[in-house]
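Reader: Could you walk me through how some of the helices pack in this model?

Author: Happy to; here it is.

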Amino acid sequence: MSTGAVDSPPKNEKTKASLSSPDLKDSWLLRQLLSSYRSCPSFIKIGGLDFSFTIASFLFISAFRVLFLQLLIYLGWPLRTKMTTDAASSLASIIHAALLCSWLSIFFAKLGWQNYIPSCKLSTHKDKDFQDVSTACLQVCTGYMMFDSFWLVKDTYDLGLQPLTEFDCMVIAHHFMTSFYMTSCRVIQAGHISAMILMLTGELSNPLMNAMFTTRFAIQLECCNSDNMMLLHSLLEHIFAIVYFVLRISIGPACAIHLSYDLLFTKQGRSNVPLHLSMIWVALVAGVLLGSGPFVMDAVDMLKDGWDLKYPPTFDFGERFEIQGEEL
(Lines give C-alpha, C1' and ligand atoms only; values in the text may rest on other atoms or scores of the structure.)
Protein backbone atom coordinates (compact mmCIF):
# COMPACT_ATOMS: atom_id res chain seq x y z
CA MET A 1 0.00 0.00 0.00
CA SER A 2 1.45 3.31 -1.04
CA THR A 3 1.94 5.72 1.84
CA GLY A 4 3.05 8.81 -0.05
CA ALA A 5 5.65 11.28 1.13
CA VAL A 6 5.75 13.65 4.05
CA ASP A 7 4.80 17.14 2.90
CA SER A 8 7.70 19.27 4.18
CA PRO A 9 7.53 18.16 7.84
CA PRO A 10 9.21 20.26 10.50
CA LYS A 11 12.90 19.54 10.76
CA ASN A 12 12.68 18.16 14.28
CA GLU A 13 10.02 15.64 13.22
CA LYS A 14 12.16 14.42 10.36
CA THR A 15 15.16 14.11 12.65
CA LYS A 16 13.25 12.06 15.21
CA ALA A 17 12.00 9.67 12.56
CA SER A 18 15.47 9.19 11.08
CA LEU A 19 17.11 8.73 14.48
CA SER A 20 14.89 5.98 15.85
CA SER A 21 12.31 3.86 14.10
CA PRO A 22 10.87 1.17 16.36
CA ASP A 23 12.16 -2.36 15.83
CA LEU A 24 9.11 -4.60 15.98
CA LYS A 25 10.66 -7.84 14.73
CA ASP A 26 11.71 -9.13 18.15
CA SER A 27 8.13 -9.31 19.45
CA TRP A 28 6.48 -12.69 18.86
CA LEU A 29 2.99 -11.20 19.17
CA LEU A 30 3.67 -8.46 16.64
CA ARG A 31 5.28 -10.97 14.27
CA GLN A 32 2.08 -13.02 14.38
CA LEU A 33 0.01 -9.92 13.67
CA LEU A 34 2.25 -8.95 10.75
CA SER A 35 2.14 -12.49 9.38
CA SER A 36 -1.66 -12.60 9.55
CA TYR A 37 -2.02 -9.15 8.01
CA ARG A 38 0.38 -9.80 5.14
CA SER A 39 -1.02 -13.25 4.35
CA CYS A 40 -4.63 -12.04 4.27
CA PRO A 41 -5.82 -12.07 0.64
CA SER A 42 -7.16 -8.83 -0.74
CA PHE A 43 -10.82 -9.42 -1.54
CA ILE A 44 -12.63 -6.16 -0.81
CA LYS A 45 -11.66 -2.58 -1.63
CA ILE A 46 -13.82 0.50 -1.25
CA GLY A 47 -12.64 3.68 -2.92
CA GLY A 48 -9.18 2.18 -3.30
CA LEU A 49 -8.95 1.39 0.43
CA ASP A 50 -8.47 -2.27 1.33
CA PHE A 51 -10.88 -3.58 3.99
CA SER A 52 -9.98 -7.26 3.66
CA PHE A 53 -8.26 -7.52 7.05
CA THR A 54 -11.18 -5.63 8.61
CA ILE A 55 -13.62 -8.27 7.36
CA ALA A 56 -11.22 -11.06 8.33
CA SER A 57 -11.06 -9.62 11.86
CA PHE A 58 -14.86 -9.41 11.99
CA LEU A 59 -15.13 -13.08 10.97
CA PHE A 60 -12.39 -14.13 13.41
CA ILE A 61 -14.04 -12.60 16.46
CA SER A 62 -17.50 -13.74 15.27
CA ALA A 63 -16.23 -17.33 15.18
CA PHE A 64 -15.25 -17.03 18.84
CA ARG A 65 -18.66 -15.59 19.63
CA VAL A 66 -20.42 -18.56 18.02
CA LEU A 67 -18.18 -20.98 19.91
CA PHE A 68 -18.75 -19.22 23.23
CA LEU A 69 -22.53 -19.25 22.70
CA GLN A 70 -22.48 -23.02 22.21
CA LEU A 71 -20.20 -23.44 25.23
CA LEU A 72 -22.53 -21.43 27.47
CA ILE A 73 -25.54 -23.45 26.33
CA TYR A 74 -23.60 -26.66 27.00
CA LEU A 75 -22.82 -25.39 30.51
CA GLY A 76 -26.53 -24.90 31.19
CA TRP A 77 -27.19 -21.29 30.25
CA PRO A 78 -30.77 -20.79 28.95
CA LEU A 79 -31.19 -20.95 25.19
CA ARG A 80 -33.41 -18.00 24.46
CA THR A 81 -32.40 -14.97 26.48
CA LYS A 82 -30.36 -11.84 25.98
CA MET A 83 -28.31 -12.81 29.03
CA THR A 84 -26.75 -15.70 27.11
CA THR A 85 -26.23 -13.88 23.81
CA ASP A 86 -24.73 -10.85 25.56
CA ALA A 87 -22.43 -13.08 27.60
CA ALA A 88 -21.22 -14.84 24.44
CA SER A 89 -20.45 -11.46 22.86
CA SER A 90 -18.70 -10.31 26.04
CA LEU A 91 -16.45 -13.38 26.12
CA ALA A 92 -15.52 -12.85 22.46
CA SER A 93 -14.83 -9.19 23.23
CA ILE A 94 -12.34 -10.25 25.90
CA ILE A 95 -10.36 -12.17 23.26
CA HIS A 96 -10.34 -9.13 20.97
CA ALA A 97 -9.33 -6.67 23.69
CA ALA A 98 -6.60 -8.91 25.10
CA LEU A 99 -4.99 -9.28 21.67
CA LEU A 100 -5.39 -5.65 20.62
CA CYS A 101 -4.13 -4.20 23.91
CA SER A 102 -1.14 -6.56 23.86
CA TRP A 103 -0.21 -5.44 20.34
CA LEU A 104 -0.71 -1.77 21.13
CA SER A 105 1.18 -1.92 24.43
CA ILE A 106 4.21 -3.50 22.78
CA PHE A 107 3.95 -1.05 19.88
CA PHE A 108 3.99 2.03 22.11
CA ALA A 109 6.71 0.61 24.35
CA LYS A 110 8.93 0.22 21.30
CA LEU A 111 7.86 3.52 19.76
CA GLY A 112 9.06 5.48 22.78
CA TRP A 113 7.98 8.88 24.05
CA GLN A 114 10.44 10.72 21.80
CA ASN A 115 8.62 9.38 18.72
CA TYR A 116 5.11 9.79 20.12
CA ILE A 117 3.57 12.35 17.75
CA PRO A 118 -0.22 11.82 17.45
CA SER A 119 -0.53 13.69 14.15
CA CYS A 120 2.51 12.22 12.39
CA LYS A 121 2.20 10.78 8.92
CA LEU A 122 2.48 7.05 8.42
CA SER A 123 5.42 7.65 6.10
CA THR A 124 7.32 9.49 8.85
CA HIS A 125 8.63 6.08 9.88
CA LYS A 126 10.17 4.31 6.90
CA ASP A 127 10.02 0.89 8.55
CA LYS A 128 7.42 -1.20 6.68
CA ASP A 129 6.76 -3.23 9.84
CA PHE A 130 5.75 -0.05 11.66
CA GLN A 131 3.38 0.94 8.87
CA ASP A 132 1.80 -2.51 8.60
CA VAL A 133 1.32 -2.95 12.37
CA SER A 134 -0.37 0.46 12.52
CA THR A 135 -2.71 -0.36 9.63
CA ALA A 136 -3.42 -3.86 10.94
CA CYS A 137 -4.40 -2.55 14.39
CA LEU A 138 -6.72 0.05 12.84
CA GLN A 139 -8.39 -2.64 10.75
CA VAL A 140 -8.69 -5.09 13.67
CA CYS A 141 -10.42 -2.47 15.80
CA THR A 142 -12.70 -1.45 12.93
CA GLY A 143 -13.60 -5.13 12.48
CA TYR A 144 -14.54 -5.33 16.15
CA MET A 145 -16.84 -2.31 15.82
CA MET A 146 -18.55 -4.10 12.94
CA PHE A 147 -18.76 -7.27 15.04
CA ASP A 148 -20.38 -5.60 18.04
CA SER A 149 -22.88 -3.66 15.93
CA PHE A 150 -23.83 -6.67 13.79
CA TRP A 151 -24.46 -9.06 16.67
CA LEU A 152 -26.27 -6.44 18.73
CA VAL A 153 -28.76 -5.92 15.90
CA LYS A 154 -28.99 -9.60 14.99
CA ASP A 155 -29.64 -10.72 18.59
CA THR A 156 -32.27 -8.01 19.01
CA TYR A 157 -34.24 -9.27 16.02
CA ASP A 158 -33.61 -12.99 16.65
CA LEU A 159 -35.02 -12.61 20.16
CA GLY A 160 -37.93 -10.44 19.01
CA LEU A 161 -36.78 -7.47 21.09
CA GLN A 162 -37.02 -4.83 18.37
CA PRO A 163 -36.92 -1.90 18.15
CA LEU A 164 -33.42 -1.12 19.34
CA THR A 165 -33.27 0.78 22.62
CA GLU A 166 -31.79 4.26 22.97
CA PHE A 167 -28.71 2.70 24.57
CA ASP A 168 -28.34 0.26 21.65
CA CYS A 169 -28.44 3.18 19.21
CA MET A 170 -25.81 5.03 21.26
CA VAL A 171 -23.53 1.97 21.12
CA ILE A 172 -23.89 1.74 17.34
CA ALA A 173 -23.29 5.49 16.99
CA HIS A 174 -20.11 5.14 19.07
CA HIS A 175 -18.92 2.32 16.83
CA PHE A 176 -19.65 4.34 13.69
CA MET A 177 -17.75 7.37 15.01
CA THR A 178 -14.71 5.36 16.03
CA SER A 179 -14.72 3.51 12.69
CA PHE A 180 -14.88 6.85 10.88
CA TYR A 181 -11.88 8.10 12.89
CA MET A 182 -9.78 5.02 12.17
CA THR A 183 -10.73 4.83 8.51
CA SER A 184 -10.06 8.52 7.90
CA CYS A 185 -6.57 8.00 9.37
CA ARG A 186 -5.98 5.39 6.70
CA VAL A 187 -7.35 7.64 3.97
CA ILE A 188 -5.07 10.59 4.74
CA GLN A 189 -2.20 8.32 5.88
CA ALA A 190 -1.72 10.33 9.08
CA GLY A 191 -3.00 10.55 12.65
CA HIS A 192 -2.75 6.79 13.20
CA ILE A 193 -0.84 7.30 16.45
CA SER A 194 -3.71 9.40 17.82
CA ALA A 195 -6.22 6.68 16.94
CA MET A 196 -4.04 3.93 18.38
CA ILE A 197 -3.52 5.62 21.76
CA LEU A 198 -7.28 6.16 22.00
CA MET A 199 -7.79 2.50 21.14
CA LEU A 200 -5.38 1.44 23.89
CA THR A 201 -6.79 3.67 26.64
CA GLY A 202 -10.33 2.80 25.58
CA GLU A 203 -9.83 -0.97 25.42
CA LEU A 204 -7.63 -1.56 28.47
CA SER A 205 -10.67 -1.88 30.74
CA ASN A 206 -12.57 -3.98 28.19
CA PRO A 207 -11.55 -7.45 29.48
CA LEU A 208 -12.52 -6.57 33.06
CA MET A 209 -15.76 -4.92 31.98
CA ASN A 210 -16.87 -7.81 29.79
CA ALA A 211 -15.83 -10.41 32.35
CA MET A 212 -17.96 -8.55 34.89
CA PHE A 213 -20.82 -8.32 32.37
CA THR A 214 -20.66 -12.12 32.09
CA THR A 215 -20.48 -12.94 35.81
CA ARG A 216 -23.33 -10.57 36.68
CA PHE A 217 -25.59 -12.83 34.60
CA ALA A 218 -23.95 -16.06 35.77
CA ILE A 219 -24.75 -15.40 39.44
CA GLN A 220 -28.45 -15.22 38.55
CA LEU A 221 -28.50 -18.63 36.88
CA GLU A 222 -28.98 -21.94 38.67
CA CYS A 223 -26.29 -23.59 36.54
CA CYS A 224 -23.56 -21.15 37.50
CA ASN A 225 -24.34 -19.44 40.79
CA SER A 226 -21.81 -20.58 43.40
CA ASP A 227 -19.66 -19.13 46.14
CA ASN A 228 -16.68 -19.05 43.78
CA MET A 229 -18.68 -17.27 41.09
CA MET A 230 -19.92 -14.73 43.63
CA LEU A 231 -16.36 -14.11 44.79
CA LEU A 232 -15.15 -13.73 41.20
CA HIS A 233 -17.96 -11.32 40.37
CA SER A 234 -17.28 -9.24 43.46
CA LEU A 235 -13.58 -8.99 42.64
CA LEU A 236 -14.30 -8.10 39.01
CA GLU A 237 -16.74 -5.35 39.99
CA HIS A 238 -14.26 -3.60 42.25
CA ILE A 239 -11.14 -4.07 40.13
CA PHE A 240 -13.02 -2.91 37.04
CA ALA A 241 -14.35 0.14 38.89
CA ILE A 242 -10.84 1.22 39.89
CA VAL A 243 -9.30 0.63 36.46
CA TYR A 244 -12.15 2.26 34.56
CA PHE A 245 -12.23 5.29 36.85
CA VAL A 246 -8.49 5.90 36.51
CA LEU A 247 -8.54 5.45 32.72
CA ARG A 248 -11.58 7.63 32.09
CA ILE A 249 -10.86 10.38 34.61
CA SER A 250 -7.12 10.83 34.19
CA ILE A 251 -5.24 8.83 31.55
CA GLY A 252 -7.86 8.98 28.80
CA PRO A 253 -8.55 12.72 29.09
CA ALA A 254 -4.80 13.48 29.35
CA CYS A 255 -4.14 11.62 26.10
CA ALA A 256 -7.14 13.33 24.49
CA ILE A 257 -5.94 16.80 25.52
CA HIS A 258 -2.42 16.11 24.26
CA LEU A 259 -3.51 14.79 20.88
CA SER A 260 -6.01 17.65 20.49
CA TYR A 261 -3.24 20.17 21.11
CA ASP A 262 -0.95 18.37 18.65
CA LEU A 263 -3.63 18.27 15.94
CA LEU A 264 -4.91 21.83 16.31
CA PHE A 265 -2.06 23.95 17.65
CA THR A 266 1.20 22.57 16.26
CA LYS A 267 2.65 23.25 12.83
CA GLN A 268 3.14 19.57 12.11
CA GLY A 269 -0.42 18.75 13.19
CA ARG A 270 -1.99 21.36 10.92
CA SER A 271 0.32 20.25 8.09
CA ASN A 272 -0.32 16.51 8.38
CA VAL A 273 -4.06 16.50 9.08
CA PRO A 274 -6.57 18.86 7.41
CA LEU A 275 -7.89 21.32 10.00
CA HIS A 276 -11.55 20.49 9.39
CA LEU A 277 -10.82 16.78 9.92
CA SER A 278 -8.83 17.51 13.09
CA MET A 279 -11.79 19.46 14.45
CA ILE A 280 -14.10 16.54 13.70
CA TRP A 281 -11.71 14.12 15.39
CA VAL A 282 -11.43 16.28 18.50
CA ALA A 283 -15.23 16.61 18.66
CA LEU A 284 -15.61 12.83 18.36
CA VAL A 285 -13.07 12.22 21.11
CA ALA A 286 -14.83 14.70 23.39
CA GLY A 287 -18.18 13.08 22.62
CA VAL A 288 -16.92 9.60 23.48
CA LEU A 289 -15.37 10.79 26.75
CA LEU A 290 -18.53 12.64 27.74
CA GLY A 291 -20.62 9.65 26.69
CA SER A 292 -18.73 7.46 29.14
CA GLY A 293 -20.02 9.62 32.00
CA PRO A 294 -22.78 7.19 33.08
CA PHE A 295 -20.26 4.32 33.19
CA VAL A 296 -17.90 6.47 35.26
CA MET A 297 -20.73 7.14 37.71
CA ASP A 298 -21.44 3.40 37.84
CA ALA A 299 -17.78 2.84 38.71
CA VAL A 300 -17.97 5.50 41.41
CA ASP A 301 -21.07 3.84 42.87
CA MET A 302 -19.29 0.48 42.92
CA LEU A 303 -16.42 2.00 44.89
CA LYS A 304 -18.69 3.94 47.25
CA ASP A 305 -20.72 0.83 48.05
CA GLY A 306 -17.67 -0.99 49.35
CA TRP A 307 -18.14 -4.74 49.12
CA ASP A 308 -21.87 -4.40 48.47
CA LEU A 309 -22.48 -5.51 44.89
CA LYS A 310 -23.99 -3.15 42.36
CA TYR A 311 -25.19 -6.18 40.40
CA PRO A 312 -26.25 -8.76 43.05
CA PRO A 313 -28.06 -12.01 42.17
CA THR A 314 -31.39 -10.23 42.76
CA PHE A 315 -30.68 -7.36 40.37
CA ASP A 316 -33.49 -6.76 37.86
CA PHE A 317 -32.11 -6.23 34.35
CA GLY A 318 -35.58 -5.69 32.91
CA GLU A 319 -37.92 -7.63 30.68
CA ARG A 320 -35.50 -7.57 27.72
CA PHE A 321 -33.31 -10.02 29.66
CA GLU A 322 -36.05 -12.42 30.68
CA ILE A 323 -35.80 -16.08 29.64
CA GLN A 324 -38.26 -16.45 26.76
CA GLY A 325 -38.46 -20.17 26.30
CA GLU A 326 -36.59 -23.36 25.75
CA GLU A 327 -36.31 -23.24 21.96
CA LEU A 328 -34.25 -20.84 19.89
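**Helix packing**

Author: α9 and α12 are oblique to each other, because their angle falls outside the classes roughly parallel (under 35 degrees), roughly antiparallel (over 145) and roughly perpendicular (65 to 115). This is a predicted model, where local features need pLDDT of at least 70, side-chain atom pairs count only at pLDDT 80 or more, and totals for chains, interfaces and linings use all residues. Residues are numbered from 1 along each chain as its sequence is written, and side-chain values use heavy atoms, with hydrogens and water left out.

Reader: At what angle do the axes of α9 and α12 cross?

Author: Axes are lines fitted to C-alpha atoms, for helices over the stretch in contact, and angles run from 0 to 180 degrees between N-to-C directions. Helices here are DSSP runs (H or I, at least four residues), numbered from the N terminus. The axes of α9 (residues 227–265) and α12 (residues 293–304) come within 9 Å, and their crossing angle is roughly 135°.

Reader: How are α2 and α5 oriented to each other?

Author: Their axes lie 10 Å apart and pack at an angle of about 75°. α2 and α5 are therefore roughly perpendicular.

Reader: What span does α3 reach from its first C-alpha to its last?

Author: Helix α3 covers residues 52–74, 23 residues in total. The expected span is 1.5 Å times one less than the number of residues. That gives an expected 33 Å for α3, and the span in the model is close to it, at 33 Å.

Reader: Which residue with positive phi follows α3?

Author: The phi of this residue is near 110°. The residue is G76.

Note on methods:
Helix = DSSP H or I, 4+ residues; strand = E, 2+ residues; numbered from the N terminus.
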